[in-house]
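Colleague: Got a minute to go through this one with me? I'd like to poke around the empty spaces and then the ligand site.

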Amino acid sequence: MYAKLQNIKVQPLPHFSSGDIHTDILRLDLLHPVVSGNKWFKLKYYLSEALAGNYHTLASFGGAYSNHIVATAFAAREAGLTSIGYIRGEKTTPLSPTLRNAMEYGMKLEYVSREAFRHTESIMAATADSGIYWVREGGFGTLGAKGAADILSVTDTSSYSHIICAVGTGTMLAGLVQAALPHQQLVGISVLKNHFGLEQEVGSLLPQKEEQASFTIEQDFHFGGYAKHPQELIRFMQDLWAQEQLPTDIVYTSKLLYAVKQLLALPYFPAGSRLLLIHSGGLQGNASLPAGTLPFS
Ligand SMILES: *Cc1c(COP(=O)(O)O)cnc(C)c1O
């Protein structure tokens with residue numbers, strides 16, 4: 001099954017709107033049941049560079065639940081390339097649903113100790129195959145940002161005052177900053193705890209430009225850290241489904257929606273704001289929860 005851009009839609013969120021604020025969400029999760037969301041966009045230009053350079057294999061890095069790993073496997077297969085995923089930590093049985101999917105897309109998995117995983121350059125250097133095109137963990141890099149910039153062209157997004165997304169590496173945010181209009185404000189919700197170098201990392205992906213949309217990163221909505229999902233968050237996800245029929249994932253999009261709800265209550269956004277949230281996908285990661293935890297799958 002191919003990723004279909006025409007499946008993406010804008011969904012209004014009545015419970016996040018009031019008389020003077022309107023909120024919509026861009027459902028990138030509808031792109032594909034497994035390879036949903038921003039990872040597909042971030043990989044686009046790495047893939048075209050790999051094809052143009054006649055590489056035979058796409059290789060990258062990630063954890064056992066990585067949305068990026070499964071997207072890399074899928075994108076490589078769609079482009080007729082083979083793929084290798086270097087996975088942090090020991091092989092587990094049973095395999096995570098994410099890695100099972102990656103293997104089904106033909107990816108070869110190599111397990112790397114946590115220690116060795118910190119030195120990805122050594123892994124790359126030890127693999128002396130010039131036919132391998134390497135993509136950094138999470139798709140971090142300027143080509144990744146360039147791909148993410150295309151997210152704002154999926155539909156007409158010019159009328160929004162604020163564009164708000166979850167942030168891991170910051171690659172997607174950097175792309176959105178580049179694509180946004182000067183009157184638009186970008187707000188990133190970091191899902192990592194104490195990731196204070198983030199502004200600088202996003203900045204490193206941006207070209208020097210006079211007129212650039214400005215961005216802010218909010219650091220208080222990580223719920224204890226990356227992939228941590230206390231009961232309060234799960235309950236929020238259940239309520240969100242009941243109120244808005246909006247499925248979210250435990251790592252990124254639930255924290256984005258939770259953050260926006262809190263910010264709206266402050267209030268953080270001026271009257272008249274039109275918010276566009278980015279549903280960046282990641283729903284496949286929910287398969288790690290016990291069956292029946294969430295009312296959607
Ligand atoms: C990877 C990911 C993000 C974060 O993207 P970055 O470009 O790394 O900041 C957000 N949402 C989902 C669902 C993701 O898989």
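Colleague: How does the lining of the largest cavity divide into nonpolar, polar and charged residues?

Modeller: This is a predicted model, and in it that lining splits into three nonpolar residues, four polar and one charged.

Colleague: Which residues line the largest cavity?

Modeller: Val-34, Val-35, Ser-36, Lys-39, Asn-67, Val-70, Gly-282 and Gln-284.

Colleague: And how much space lies in there?

Modeller: About 30 Å³. The structure has one cavity of 30 Å³ or more.

Colleague: OK, on to pockets. How much space is in the second largest one?

Modeller: About 310 Å³.

Colleague: What lines the second largest pocket?

Modeller: Its lining has 18 residues, and those nearest the centre are Leu-283, Asn-286, Ala-287, Phe-296 and Ser-297. By type, the lining comes out as nine nonpolar, eight polar and one charged.

Colleague: Now the ligand. How many residues surround it, and which are the closest?

Modeller: There are 14 around the ligand, with Lys-39, Lys-42, Asn-67, Thr-169 and Ser-280 as the closest. Lys-39 and Asn-67 also turn up in the lining of the largest cavity.

Colleague: What's the mix of residue types in the shell around the ligand?

Modeller: Three nonpolar, nine polar and two charged.

Colleague: Which polar atoms lie by the ligand's oxygen atoms?

Modeller: Lys-42 puts a polar side-chain atom 2.7 Å from a ligand oxygen. From the backbone, an N or O atom of Gly-170 sits 2.8 Å from an oxygen of the ligand, and a polar backbone atom of Thr-171 is 3.3 Å from a ligand oxygen.

Colleague: How much of the ligand's accessible area does the protein cover?

Modeller: 98% of the 380 Å² that the ligand has on its own.

Colleague: Which elements give two or more residues to that shell?

Modeller: Those are α1 (38-52) and α7 (171-179). Helix α1 gives the most, with three residues.

Colleague: While we're on α7, I was looking at Ala-179 in that helix. Is Ala-179 buried, partly exposed or exposed, and why?

Modeller: Ala-179 counts as partly exposed because its relative accessibility is 29%, and partly exposed runs between 20% and 50%.

Colleague: How far is Ala-179 from Ser-288?

Modeller: They're 34 Å apart in space, C-alpha to C-alpha, and 109 residues apart in sequence.

Colleague: Switching to backbone geometry. Where are there cis peptide bonds?

Modeller: One joins Thr-93 and Pro-94, with omega about -5°. Another runs from Leu-266 to Pro-267, with omega near 0°. Most peptide bonds are trans.

Colleague: Where do those two prolines sit?

Modeller: Pro-94 is in the loop between β4 (82-88) and α3 (97-104). Pro-267 is in the loop between α10 (253-265) and β10 (274-279).

Colleague: And which residues other than glycine have a positive phi?

Modeller: Phe-223 is one, at about 55°, and Gln-245 is another, near 50°. Most residues other than glycine have a negative phi.

Colleague: Where are Phe-223 and Gln-245 found?

Modeller: Both are in loops: Phe-223 between β9 (214-218) and α9 (231-244), and Gln-245 between α9 and α10.

Colleague: Are those two buried or exposed, and why?

Modeller: Phe-223 counts as buried because its relative accessibility is 16%, under the 20% cut-off. Gln-245 counts as partly exposed, since its value is 45%.

Methods: Residues numbered from 1 in each chain as written. Predicted model: local features only at pLDDT ≥ 70, side-chain atom pairs only at ≥ 80, totals over all residues. Heavy atoms only, no water. Near = heavy atom within 4 Å. Polar contact = N/O pair within 3.5 Å; in protein donor to acceptor, adjacent residues only side chain to side chain. Areas by Shrake-Rupley, 256 points an atom, 1.4 Å probe, with all protein chains shown as cover. Helix = DSSP H or I, 4+ residues; strand = E, 2+ residues; numbered from the N terminus. Nonpolar A, V, L, I, M, F, W, Y, C, P; charged D, E, K, R; others polar. 1 Å grid on protein atoms, 1.4 Å probe; cavity = no way out; pocket = protein on both sides within 12 Å on 5 of 7 lines; lining within 4 Å. Points joined across faces, edges and corners; volume = space filled by probe spheres on them. Buried < 20%, exposed > 50% of the residue type's maximum accessible area, 1.4 Å probe, protein only.
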